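Trainee: Got a minute to go through this one with me? I'd like to start with how helix length gets judged.
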Amino acid sequence: MAPVEHTGTSTALLTDHYELTMLGSALADGTADRDCVFEVFARRLPSGRRYGVVGGIARVLDAIMDFRFTDADLAQLHATAVVDDGTLNWLSGYRFSGDIDGYVEGELYFPGSPILTVRGTFAEAVVLETVVLSILNHDSAIASAAARMSSAAHGRPIIEMGSRRTHEQAAVAAARAAYLAGFATTSNLEAGRRYGIPTRGTAAHSFMLLHDTEEAAFRAQIDKVGADTTLLVDTYDITDGIETAVRVAGPELGAIRIDSGDVGVLARKAREQLDSLGAKDTRIVVSGDLDEHAIAALRAEPVDAYGVGTSVVTGSGAPTAGMVYKLVEVEGRPVAKRSEHKASRGGRKSALRRHKPTGTALEEVVYASAAPPALGDDDRELHIPMVRDGDQVGGLPTLDDARQRLRRGLVSLPWEGLKLSGGDPAIPTTFT
């Protein structure tokens with residue numbers, strides 16, 4: 001296993017103050033070097049969800065590789081008295097040297113799934129809690145929502161266009177998570193540069209309003225990018241807009257976009273009008289506050305593609321996956337939180353998924369890593385090694401691999417598990 005080197009910007013201060021308070025106390029009382037296992041899991045799925053999608057693993061691993069305290073980081077901690085001199089000295093040489101196993105990106109997860117297992121000393125593992133959770137909770141929430149939208153679209157492409165509805169860096173991560181979950185393209189150019197995601201974009205209403213007439217705006221766009229473009233036809237009157245678009249571009253016009261109103265009704269009328277004008281191959285793209293339920297409702301309409309913004313970058317009502325990072329083992333001894341409403345299960349765990357011979361998933365089996373069950377012909381182990389002795393394992397699945405994995409995973413779910421309505425998780429989780 002060849003190590004993967006990272007030389008990005010330090011992620012060490014992407015953490016909570018209390019992580020370093022615990023670190024300082026543990027260094028002082030001699031418990032900092034105890035061998036520990038932390039586990040990332042979700043106690044439950046967001047309301048109305050029947051499965052979750054793991055997103056952000058690659059970003060987590062990169063963040064851990066870059067979790068080093070620079071001179072500037074240390075100066076900040078010293079100036080603000082966040083830690084004492086002894087803790088500051090320890091942090092100056094920090095590098096995670098433990099092991100990490102977990103679910104790969106694009107894998108489905110369910111309540112209690114041990115999504116990530118971090119093994120190391122208490123000191124070096126506890127400080128990773130915040131950065132790990134901030135990435136996994138965001139990216140998995142976006143990927144889970146986007147997967148529901150992709151399923152509802154039933155093979156029609158979706159464009160991610162939510163950059164203007166979230167934080168500028170969250171927009172890049174959201175575009176990646178949406179692409180992982182089956183979206184075809186993104187409007188975000190940084191996501192395209194950073195992750196190789198195809199980008200798309202044409203014009204907004206402001207471009208229409210800039211010109212003296214709608215026809216002038218359409219001509220300017222077509223003169224620049226050609227007739228195989230998408231013209232926004234609802235700035236004024238949609239019927240007039242479609243007539244003008246076809247007159248300017250000809251019947252080879254690539255697509256029209258409808259961004260407001262009852263898009264189902266408007267798409268029907270638009271299809272009839274386009275066909276009557278000879279533009280039978282011109283596609284219809286709809287956008288405007290779409291979510292998975294709206295997309296599902298449009299399945300019978302003559303819509304060729306969807307543009308989704310706000311709902312995907314906000315997790316469609318579930319902006320966090322609700323994952324936690326809990327200590328489950330100390331020096332080989334299982335430990336667990338026992339509070340009534342936030343209990344956890346102690347001990348290092350792994351998981352497998354059982355399937356029927358036909359490939360349909362039956363259950364998620366979570367077991368003590370030290371006592372794995374017999375693996376049946378149709379069972380699949382879910383944990384893979386990701387970090388060993390502090391070095392990222394080479395050959396981990398790519399973003400395109402994750403897209404394919406999720407596609408296979410969704411096909412494996414029982415039909416009722418793909419419903420958009422609330423209900424039990426698609427498959428049960430069994431703890432042994």
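Mentor: Sure. First a definition: the expected span of a helix is 1.5 Å times one less than its number of residues. Keep in mind that this is a predicted model.

Trainee: OK, so how far does H15 reach from its first C-alpha to its last?
Mentor: H15, residues 399-412, reaches 20 Å, close to the 20 Å expected for its 14 residues.

Trainee: And which residues of H15 are buried?
Mentor: Leu-399, Ala-402, Arg-403, Leu-406, Gly-409, Leu-410 and Ser-412. As background, an α-helix has 3.6 residues a turn, so residues three or four places apart point the same way.

Trainee: Let's zoom out. How many helices and strands does the chain have?
Mentor: The chain comes to 15 helices and 19 strands. Its C-alpha trace spans about 80 × 55 × 40 Å along the principal axes.

Trainee: What share of the residues is buried?
Mentor: 52% of the 432 residues count as buried.

Trainee: And what about contacts between residues at least 6 apart in sequence, what percentage join residues at least 24 apart?
Mentor: That comes to 74% in this chain.

Trainee: Now helix packing. At what angle do H6 and H7 pack?
Mentor: About 45 degrees, with the axes of H6 (residues 129-153) and H7 (residues 168-180) 8 Å apart. The two helices are therefore oblique to each other. H6 passes H7 in a right-handed crossing.

Trainee: Which residues make that contact between H6 and H7?
Mentor: From H6 you have His-138, Asp-139, Ile-142, Ala-143 and Ala-146. H7 brings Ala-170, Ala-173, Ala-174, Ala-177, Ala-178 and Leu-180. By type, the residues of the H6 and H7 contact are nine nonpolar, one polar and one charged.

Trainee: Switching partner: how do the axes of H2 and H6 cross?
Mentor: The axes of H2 (residues 57-65) and H6 cross at roughly 165 degrees and come within 9 Å. Angles over 145 degrees count as roughly antiparallel, and H2 and H6 are therefore roughly antiparallel to each other. H2 passes H6 in a right-handed crossing.

Trainee: Who's touching whom between H2 and H6, and which residues make the contact?
Mentor: On the H2 side, Ile-57, Arg-59, Val-60, Ala-63 and Ile-64. On the H6 side, Val-131, Val-132, Ile-135, Leu-136 and Asp-139.

Trainee: How many of the residues in the contact of H2 with H6 are nonpolar, polar and charged?
Mentor: Eight nonpolar, no polar and two charged for H2 with H6. One more thing to look at is Asp-139 of H6: it is listed in the contact with H7 and also in the contact with H2.

Notes: Residues numbered from 1 in each chain as written. Predicted model: local features only at pLDDT ≥ 70, side-chain atom pairs only at ≥ 80, totals over all residues. Heavy atoms only, no water. Axes fitted to C-alpha atoms, helices over the stretch in contact; angles between N-to-C directions. Helix = DSSP H or I, 4+ residues; strand = E, 2+ residues; numbered from the N terminus. Parallel < 35°, antiparallel > 145°, perpendicular 65-115°, else oblique. Left-handed = near helix turned anticlockwise from the far one by under 90°. Contact = heavy atoms within 4.5 Å. Nonpolar A, V, L, I, M, F, W, Y, C, P; charged D, E, K, R; others polar. Buried < 20%, exposed > 50% of the residue type's maximum accessible area, 1.4 Å probe, protein only.
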